[in-house]
Amino acid sequence: MRPQPATRRRSPARWLVRLLLLALLALPATFAGAVGAAGAPRFDPPKRFNLVLGDSLAFGYQDAKFKAELLGGTYNPADFTGYWAPFAARLVAVRPGIQTVNLACPGETTVTFVDGGCFFHQVLPLHADYPSAESQLQAALAFLGAHRGQVSPITVSLGANDLLQLLGACEAESPTDPAAVAACANAGLPAVLATVQANLGAALTALRAAAPESKIIVLQPYNPYVALLPGSPAIAGALDAVLAQVAAGARARPADGFSAVTAATVCTLTLICTPAQDVHPSDAGYQMLAAALWAASGYDRLAPDRTGP
């Protein structure tokens, strides 16, 4: 079935294992690796469909809500509105009638995005249906092929879980030695970044070829451990610039979801300070990410109450 518009239904010592088991979010900043640019982004207005792609952030995951619904037998993807729903609401204000299709899968890596195998999709429904044996990229390309010239924007949140797999492997080797974990992660980081660069680069190139007139926005996620692990930005920082570099290579725009989350705001914008130590955004955090995507879109120029030239 082709995807349909989404209108339905402690101590930081163990954080790496917790994140790996959930296979969720990411940590950002800057990397000096170069990717060939394909030209500066241009303004592409919203069209008939808004396509949402990526991982748990794009899905709108929050751990406590998910577990409560799962245990209560009331799980409904439509309850996980994340950043995509407030972003979609703003789109409707400037392009009435636009429909949102959300293919995001919690736990998606750049590898599974291209090749398939996102575990969440094997066991639970997503916002939009597509065959569980099909990769999210395949589903996205099929949707774009069936709606040529009708899809813009396309938002993408990927790369986080590639890094988390490295961190989880390093933590398993040295579960009580944060310094050893950091050294291990630094040693393995170049290979992970190369994987992200190759897979996300191929994915964005394919999306751009299928939708040459679509606005593509790549989310740069925040660091939920900014107040707990002072060394985390140095390791996670490499991912963020790779995302920006790869986005530039596909004439896409990066959206800064990183800067707003600081040691002073992390407990407000994320759920890391709750008993579950959930790295995902709070409702306020998801609103912040929606605002970051909106700022990157440039769609304010279309707002009916905008004044000036």
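Strand S1 (residues 49-54) pairs with strand S2 in the parallel sense over four bridges; strands here are DSSP runs of E of at least two residues, helices are runs of H or I of at least four residues, and both are numbered from the N terminus. Two strands are taken to pair if DSSP finds at least two bridges between them. The structure is a predicted model, in which local features need pLDDT of at least 70 and side-chain atom pairs count only at pLDDT 80 or more, while totals for chains, interfaces and linings use all residues. Residues are numbered from 1 along each chain as its sequence is written, and side-chain values use heavy atoms, with hydrogens and water left out.

Within the pairing of S1 and S2, Val52 stands opposite Asn102 in S2, and Asn50 has Thr100 in S2 as its bridge partner. S1 also pairs with S3 in the parallel sense, over five bridges. There, the bridge partner of Leu51 is Ile154 in S3.

These pairings belong to an open sheet of five strands in the order S2-S1-S3-S4-S5, with parallel pairing. Strand S2 (99-102) and strand S5 (253-256) stand at the edges with a single partner strand each, so one side of each has no neighbour in the sheet. From one strand to the next, the twist averages 25°.

Helix H4 (residues 84-94) packs on the sheet and touches S1, S2, strand S3 (151-157) and strand S4 (216-220). Contact means heavy atoms within 4.5 Å. The direction of H4 makes about 160° with that of S1; axes are lines fitted to C-alpha atoms, for helices over the stretch in contact, and angles run from 0 to 180 degrees between N-to-C directions. Helix H9 (residues 178-210) also packs on the sheet, touching S1, S3 and S4, and its direction makes about 155° with that of S4.

In a regular strand the side chains alternate between the two faces of the sheet. In S1, Phe49, Leu51 and Leu53 point one way, Asn50, Val52 and Gly54 point the other way, and all are buried (under 20% relative accessible area, with a 1.4 Å probe and protein chains only). Because six of the six residues of S1 are buried, the strand is largely enclosed by the rest of the structure.

Helix H7 (residues 136-146) packs against H9 at an angle of about 10°, with the axes 10 Å apart. H7 and H9 are therefore roughly parallel to each other, a term for angles under 35 degrees. Leu137, Ala140, Leu141 and Leu144 in H7 meet Ala203, Ala206, Leu207 and Ala210 in H9. By class, this contact has eight nonpolar, no polar and no charged residues. Ala, Val, Leu, Ile, Met, Phe, Trp, Tyr, Cys and Pro count as nonpolar, Asp, Glu, Lys and Arg as charged, and the others, Gly among them, as polar.

The structure holds twelve aromatic pairs, a pair being two rings of Phe, Tyr or Trp (its six-membered ring) with centres within 6.5 Å. The rings of Phe49 and Phe143 have centres 5.2 Å apart and planes at 85°, so this pair is edge-to-face, the label for planes over 60 degrees apart. Phe49 lies in S1 and Phe143 in H7, so the pair ties together parts that are 94 residues apart in sequence. Phe49 is buried at 4% relative accessibility, and Phe143 is buried at 2%.

Technical notes:
Parallel < 35°, antiparallel > 145°, perpendicular 65-115°, else oblique. Phe/Tyr/Trp six-rings, centres within 6.5 Å; stacked < 30°, edge-to-face > 60°. Buried < 20%, exposed > 50% of the residue type's maximum accessible area, 1.4 Å probe, protein only.
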